[in-house]
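Hi,

Here is the structure I promised to pass on. Please have a look at it first, and then read my notes underneath.

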Amino acid sequence: MIRLIAICAFVAASLVVGCQTSVSRKDAIKPSLQTYEQALRWERPREAYRFVHPDLQPAYPPPWIDSIRVVGYDVLDPPHEVGENLVAQRVEVKYVNQDTQVMRTFIDEQLWRSDDGKKNWLRANPMPAFP
């Protein structure tokens, strides 16, 4: 009987530790995602390029990027782990090209990677082309 109680206690403790790790991983990326959204939504989209992994950054942001104004950013699929230190998120982006005053919408499939123990997160795929 004591052995059964000990096994149950061990299993329960393992589940609690596992749940805490999972929650902390999901929470670790939230500040980066919020800051990225803020850069796109309230600053200039050019500022969002600082969130792209250096290996994927263009030498210069495209010249048309300064004519883009993001007017909507809605998370369709919240961040979820797809690999070790790799998180995916799907968002709908609405923007206006200020030169043409045309509003467009697209789905941005984002991949985020942490190379330093989940403290700093960078996009592991290129910035959208704002079609």
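Below is what I found, starting with how the model was handled.

This is a predicted model, where local features need pLDDT of at least 70, side-chain atom pairs count only at pLDDT 80 or more, and totals for chains, interfaces and linings use all residues. Residues are numbered from 1 along each chain as its sequence is written, and side-chain values use heavy atoms, with hydrogens and water left out.

The main feature to look at is a sheet. Four strands (DSSP runs of E, at least two residues, numbered from the N terminus) make up an open sheet in the order β1-β2-β3-β4, with antiparallel pairing; two strands pair if DSSP finds at least two bridges between them. β1 (68-83) and β4 (121-123) are at the edges with a single partner strand each, so one side of each has no neighbour in the sheet. On average, neighbouring strands are turned by 25° against each other, direction ignored (axes are lines fitted to C-alpha atoms, and angles run from 0 to 180 degrees between N-to-C directions).

Now the hairpins. Strand β2 (residues 86-97) pairs with β3 in the antiparallel sense over twelve bridges, and Asn97 has Val102 in β3 as its bridge partner. Four residues lie between β2 and β3 in this hairpin, and Gln101 in the turn has a positive phi of about 60°.

β3 (residues 102-114) is joined to β4 by three bridges, again antiparallel. Here Arg113 has Leu122 as its bridge partner, while Ser114 stands opposite Trp121. This hairpin has six residues between the strands, and Gly117 takes a positive phi near 75°.

Best wishes
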